[in-house]
Amino acid sequence: MSDAPEPVNDRNAWWRSAVVYQIYIRSFADGNGDGIGDIAGLRARLPYLAELGVDAIWINPWYPSPLHDGGYDVVDFCDIDPVFGTLDEADLLVDEAHGYGIKVLIDIVPNHTSNLHKWFQEALASPPGHPSRDRYHIHDGRGPNASEPPSNWLSVFGGPAWQQMADGQWYLHLFDVSQPDLNWENPEVLREFESILRFWLDRGVDGFRVDVAHGLFKDPSYPDIAEVGDLSVPRQQLGHPFWDRDEVHEIYRRWRSILNAYSDRMMVAEAWVHPDRLPLYIRDDEFHQSFNWDFLAAEWDANEMARVIAESYQRARKVGASPTWVLSNHDVMRHSTRYGLPRGTDWHRWPTEGPHEALDVAAGLRRARAAALITLSLPGSVYLYQGEELGLPEVWDLPESVLEDPTWERSDRKVRGRDGCRVPLPWSLEGPALGFSTAEPWLPQPAAFVGLAASSQAEDAESILTLYRRALALRGEWLTADEEFEMIDLGADTLSYRKGSRMTCVVNMGSADLPLPVGEVILTSAPLKGGELPPDAAAWISLAPSTASSTD
Ligand code: NOJ
């Protein structure tokens with residue numbers, strides 16, 4: 001892979017090799033004892049994050065919101081929900097995080113607002129044709145008496161994507177009915193978001209994770225789509241009426257020039273697009289990075305992972321960007337569970353009855369440990385999802401009565417949705433919420449979390465938390481941004497790559513123990529057996545011990 005062109009811009013920028021820890025704030029740590037995570041809880045746990053060794057945090061939406069979609073239904077983009085704290089606390093958090101050398105990214109949600117946002121309330125209170133309606137996609141229906149929706153589009157969460165209003169017009173909501181889509185053809189929308197970006201940049205945040213970055217523009221003729229099937233994984237090619245339309249790029253070029261006026265700020269795209277289209281989002285005048293869904297979706301299979309890693313690296317490098325690696329987030333089944341499921345399981349559609357019979361919990365955890373050594377040794381940056389360093393599993397058996405993800409109701413209770421990866425973290429063995437809160441947590445923690453509490457793992461030399469801490473510390477010593485990198489072939493069922501002349505990562509994805517290449521073993525995800533790497537394990541091997549602290 002050394003024939004790829006050199007990255008062109010921001011070569012030494014912090015984000016190119018950063019480890020970014022995702023904070024799903026409702027479930028991270030509760031500081032005020034109401035059972036819901038908040039800024040106070042996060043501030044109190046900054047020392048934990050510093051000790052873990054992350055470079056940055058990304059905080060999921062913390063804005064005023066009725067929380068119909070976990071905060072992605074925003075009422076005011078320039079304030080903090082009282083459940084999470086205040087703007088003053090947000091400022092303190094940013095300062096304190098910076099004091100620990102940790103950057104802060106926040107979530108920007110430009111595709112839609114909450115239906116309680118003042119703009120939508122104004123649109124509701126105004127007659128058809130009023131300018132306030134043009135900030136959203138609000139139109140007459142079709143058919144006799146205009147009683148049918150303007151198109152046959154479906155919501156990502158299930159059911160139709162159009163909702164009729166009291167006066168007969170319809171509004172578009174690609175997500176929940178409480179999340180009307182904004183009309184990005186309207187200059188007021190454009191201006192508003194530019195001022196929202198500046199509001200937060202002026203407060204010192206280091207950048208943004210941009211929600212549904214591929215969805216802002218819609219074909220104004222709202223054509224019906226032939227395939228109205230599963231829209232939750234939009235990987236279609238060109239010409240879709242609402243995903244990945246070319247018009248989005250002009251917006252991000254404008255945003256990039258805003259960020260460029262500040263020093264060292266970045267933005268990362270949540271863009272679920274065809275992999276060949278992803279580089280368009282990370283050209284050097286648009287996003288700095290984009291999440292890499294192909295890697296997240298890859299099966300535990302040496303050929304597949306090797307292909308995806310090589311392609312992802314090349315795609316990012318081709319446009320001078322740094323690749324990113326992500327295994328889990330608040331929208332997908334946690335990977336320690338995913339990797340324990342039989343090959344080919346459709347984990348996007350979490351069935352109501354759960355995976356209990358098919359799931360191999362121990363294999364999932366072994367592979368999650370190995371996967372940590374994969375992501376943390378690849379060139380580029382890594383996004384960790386809170387709790388993956390504790391090996392938390394997906395909680396597939398939450399009682400139906402506590403499910404909050406709109407997917408559950410909108411799928412007629414067929415798809416449980418994403419609550420199972422959002423259960424509050426187990427910090428210790430104390431209290432009713434395993435140290436998360438002094439009150440009952442907003443989602444119940446399963447018995448399995450007791451054995452995974454951070455306080456116990458911190459004392460255990462064999463725990464996955466200790467493994468993450470070691471890997472993060474060593475990553476800093478061994479890795480540099482944009483380093484030379486090549487896949488190597490060490491035989492069937494083995495994933496392996498070499499980083500320059502310094503280090504090799506070997507992953508045993510087969511069923512027999514694997515002899516290791518010559519070199520000093522720096523770190524393994526499982527104990528070696530007679531000097532060999534057991535199945536479902538990874539090893540970092542130094543090829544040049546004496547250069548360990550060099551930064552070339
Ligand atoms: C992607 C977010 O990650 C997800 O949680 C949310 O439901 C949708 N965008 C809609 O904002």
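How much space lies in the second largest pocket? In this predicted model, the volume of the second largest pocket comes to about 330 Å³. Its lining is made up of 22 residues, and those that lie nearest the centre of the pocket are Ala297, Ala298, Glu299, Trp300 and Trp347. Two elements, helix H8 (293-297) and helix H9 (302-318), are the ones that give two or more residues to this lining. When the lining residues of the second largest pocket are sorted by class, 10 are nonpolar, 3 are polar and 9 are charged.

Enclosed space was examined in the same way. The structure holds 7 cavities of 30 Å³ or more, and the second largest cavity contains about 190 Å³ of space. The second largest cavity is lined by 19 residues, with Leu278, Ser290, Phe291, Asn292 and Ser312 lying nearest its centre. At least two residues of this lining are supplied by each of the helices H7 (278-281), H8 and H9, and H9 provides the largest share, which amounts to 3 residues. By class, the lining of the second largest cavity consists of 10 nonpolar, 6 polar and 3 charged residues. Helices H8 and H9 therefore appear in the descriptions of both spaces, as elements that give two or more residues to the lining of the second largest pocket and as suppliers of at least two residues each to the lining of the second largest cavity.The surroundings of the ligand were considered next. The ligand is surrounded by 13 residues, and the closest of these are Asp69, Arg209, Asp211, His330 and Asp331. By class, this shell has 4 nonpolar, 2 polar and 7 charged residues. Oxygen atoms of the ligand approach the side chains of several of these residues: an N or O atom in the side chain of Asp331 is 2.4 Å from a ligand oxygen, one in the side chain of Asp211 is 2.6 Å from a ligand oxygen, and for the side chain of His330 the corresponding distance is 2.8 Å. Of the 300 Å² of accessible area that the ligand has on its own, the protein covers 97%.

With regard to the overall fold, the protein chain has 14 helices and 16 strands. The radius of gyration of the chain is 23 Å, which is close to the 24 Å given by the globule rule for 552 residues, so the chain is as compact as a globular protein of that length. Along its principal axes, the C-alpha trace of the protein chain spans about 75 × 55 × 45 Å.

How values were computed. Residues numbered from 1 in each chain as written. Predicted model: local features only at pLDDT ≥ 70, side-chain atom pairs only at ≥ 80, totals over all residues. Heavy atoms only, no water. Near = heavy atom within 4 Å. Polar contact = N/O pair within 3.5 Å; in protein donor to acceptor, adjacent residues only side chain to side chain. Areas by Shrake-Rupley, 256 points an atom, 1.4 Å probe, with all protein chains shown as cover. Nonpolar A, V, L, I, M, F, W, Y, C, P; charged D, E, K, R; others polar. 1 Å grid on protein atoms, 1.4 Å probe; cavity = no way out; pocket = protein on both sides within 12 Å on 5 of 7 lines; lining within 4 Å. Points joined across faces, edges and corners; volume = space filled by probe spheres on them. Helix = DSSP H or I, 4+ residues; strand = E, 2+ residues; numbered from the N terminus. Rg over C-alpha atoms; globule rule 2.2 N^0.38 Å.
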